[in-house]
Amino acid sequence: MFKIVDINTNINGKFELLDKTGEPFVFAQHVTLAATDDKKYLSELFDDAVNVYSTFTLSYAEMKAVLYSLIAKIARYHQKENIYSKEFISIAPAINFLTKNPYSNVSVATLAEMCHVSECGFRTLFKKYSGKTPSEYCLDNKMKKAKKLLQSNMYSVAEVAEILGYNDAGYFTKVFKKETGVLPSKYI
């Protein structure tokens, strides 16, 4: 079974893994069994990380990227399994839709109808699942994508607005500033 460790990131972007007691987590010289799971998916991911660590041919930044990738895959794996739990199976179609279409402007009524549940019931289950309302969840995804697109310097503010489904670049600018505190043109 995996034991979750805390990751502390300092101002310089360096991180350290801590075990449950707060002590630094360090790999032993030889790891024979790092994790077990029914589908072997997580064990294989962890084995890959151990192999990267043991060969030590990567730079610190590359190893950090591999570790973050591993943690992100584990989080996605658990979230995906959580979708099909008894509690959330009824809203799984909507969650899958939003995962595949993160920038869509679909209404909560449509999502609830997709799942054959009431709008109120959908909102309650979705908030319990994601910690956000459906609107907050979609807006958060759009703003994350907007930041990436703007940082790439490949798109104008108007093009980013269009990619994210905003018909009005001015409205997108207003929403972006409200969410980030910075105008999109300054974020670039």
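## Residue N153 and the α6–α7 loop

N153 is exposed, with a relative accessible area of 54%; the threshold for this class is over 50%. The structure is a predicted model. N153 belongs to the loop that connects α6 and α7. Its phi is near 60°, a positive value in a residue other than glycine, and this positive phi comes just after the end of α6.

The loop between α6 (134-151) and α7 (157-163) also holds Y155. Y155 is partly exposed, with a relative accessible area of 30%. Together with M154 and I163, Y155 makes a nonpolar surface patch of about 300 Å².

## Helix α6 and its surroundings

The helix that precedes this loop, α6, contains 18 residues. From its first C-alpha to its last, α6 reaches 26 Å, close to the 26 Å expected at 1.5 Å a residue.

Which residues of α6 are buried? They are P134, Y137, C138, N141, K142, M143, A146, L149 and L150. The list includes nonpolar side chains such as M143, L149 and L150, and also K142 and N141. The cover over these buried residues includes α3 (92-100), α4 (108-115) and α5 (119-130). It also includes α7, α8 (169-180) and α9 (184-187).

## A second positive phi: H116

H116 likewise has a positive phi of about 60° although it is not a glycine. H116 is placed in the loop between α4 and α5, two helices that are among those covering the buried residues of α6. Is H116 buried or exposed? H116 is exposed, with a relative accessible area of 74%.

## Overall architecture

The protein has nine helices and two strands. Read from the N terminus, the order of elements is β-β-α-α-α-α-α-α-α-α-α, so that both strands precede the helices.

Of the 188 residues of the protein, 30% count as buried, the limit for that class being under 20% relative accessible area. Among contacts with a separation of 6 or more, 46% are between residues 24 or more positions apart. The protein exposes about 12,600 Å², and carbon and sulfur atoms supply 55% of that area.

## Summary of the loop and helix

In the predicted model, α6 has buried residues covered by elements that include α3, α4, α5, α7, α8 and α9. The loop after α6 contains the exposed N153 and the partly exposed Y155, the latter being one of the residues of the nonpolar surface patch.

Note on methods:
Residues numbered from 1 in each chain as written. Predicted model: local features only at pLDDT ≥ 70, side-chain atom pairs only at ≥ 80, totals over all residues. Heavy atoms only, no water. Patch = residues over 30% accessible without salt bridge, like charges linked within 9 Å, V, L, I, M, F, W, Y side chains within 5 Å. Areas by Shrake-Rupley, 256 points an atom, 1.4 Å probe, with all protein chains shown as cover. Salt bridge = Lys/Arg side-chain N within 4 Å of Asp/Glu carboxyl O. Helix = DSSP H or I, 4+ residues; strand = E, 2+ residues; numbered from the N terminus. Buried < 20%, exposed > 50% of the residue type's maximum accessible area, 1.4 Å probe, protein only. Expected span 1.5 Å × (residues − 1). Contact = heavy atoms within 4.5 Å.
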